[in-house]
Amino acid sequence: MPKSRYLGAFEQMLMLAALRLRDEAYGTRIAEEIRERSGRSVNRGSLYVSFDRLEARGLIESTYTSGDDPRRGRRRRIVRVTPKGLDALREVRAALTGLWDGLEAELDGRA
């Protein structure tokens, strides 16, 4: 079976956090952003595996800071959503919006 074109929930969260954080979109900050906005705890290993998978699909790009930043010489992996990644986010948003449409009463307990 071919791999789904759609993004999983965690992948969406990661990419949306990266969009929101812009030049500060690195592991720790992305994990904090997801936790603050969704309440979901982020496993660091899952985060970096997802970075690799999304980058292999061309949905994000990574760059690394130099080792002489204020983090005691440790480099940061900065991620950026690519145009292809933006298209994937738009596609999943349209699909989900279509599925949610008309269900307000059921979801709000008014049905």
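The accessible surface of the chain comes to about 7500 Å², and carbon and sulfur atoms account for 52% of this area. The model is predicted. Of the 111 residues in the chain, 32% are buried. The chain contains five helices and two strands, and their order along the sequence is α-α-α-β-β-α-α. Contacts between residues at least 6 apart in sequence were also examined; 53% of these join residues at least 24 apart.

Part of the surface is a nonpolar patch of about 510 Å², formed by L96, L99, W100, L103 and L107. Helix α4, residues 83-100, provides the largest share of the patch, with three residues. Another member of the patch, L103, is placed in the loop between α4 and α5 (104-107). L103 has a relative accessibility of 35%; this value lies between the limits of 20% and 50%, so the residue counts as partly exposed.

In the interior, the largest nonpolar core has 21 residues, and L14, M15 and I30 have the most contacts inside it. Two or more residues of this core come from each of α1, α2, α3, β2 and α4. The largest share is that of α1, which gives six residues.

Helix α1 spans residues 9-21. The end C-alpha atoms of α1 are 18 Å apart, and this agrees with the expected span, because 13 residues at 1.5 Å a residue should also give 18 Å. The buried residues in α1 are F10, E11, Q12, L14, M15, A17, A18 and L21. Their cover includes the helices α2, α3 (44-56) and α4, together with the strands β1 (60-64) and β2 (77-81).

Two residues of α1 illustrate these surroundings. With neighbours up to four places away in sequence set aside, L14 is in contact with I30, I34, L47, S50, F51 and L54. The second residue, E11, is also in helix α1. The relative accessible area of E11 is 7%, which is under 20%, and E11 is therefore buried. When residues up to four places away in sequence are not counted, E11 touches Y6, R53, L54 and R57. L54 thus appears among the contacts of both L14 and E11.

A further relation between α1 and α3 concerns F10 and S46. F10 is one of the buried residues in α1, whereas S46 lies in helix α3. The two residues are 36 residues apart along the chain, and their C-alpha atoms are separated by 9.3 Å. S46 counts as partly exposed because its relative accessibility is 36%, a value between 20% and 50%.

The residue that follows α1 is R22, and its phi is positive, near 55 degrees. Most residues other than glycine have a negative phi. R22 has a positive value although it is not a glycine. R22 belongs to the loop between α1 and α2 (27-38). The relative accessibility of R22 is 63%, which is over 50%, so the residue counts as exposed.

Notes
Residues numbered from 1 in each chain as written. Predicted model: local features only at pLDDT ≥ 70, side-chain atom pairs only at ≥ 80, totals over all residues. Heavy atoms only, no water. Helix = DSSP H or I, 4+ residues; strand = E, 2+ residues; numbered from the N terminus. Buried < 20%, exposed > 50% of the residue type's maximum accessible area, 1.4 Å probe, protein only. Patch = residues over 30% accessible without salt bridge, like charges linked within 9 Å, V, L, I, M, F, W, Y side chains within 5 Å. Areas by Shrake-Rupley, 256 points an atom, 1.4 Å probe, with all protein chains shown as cover. Salt bridge = Lys/Arg side-chain N within 4 Å of Asp/Glu carboxyl O. Expected span 1.5 Å × (residues − 1). Contact = heavy atoms within 4.5 Å. Core = buried A, V, L, I, M, F, W, Y, C linked by side-chain atoms within 4.5 Å.
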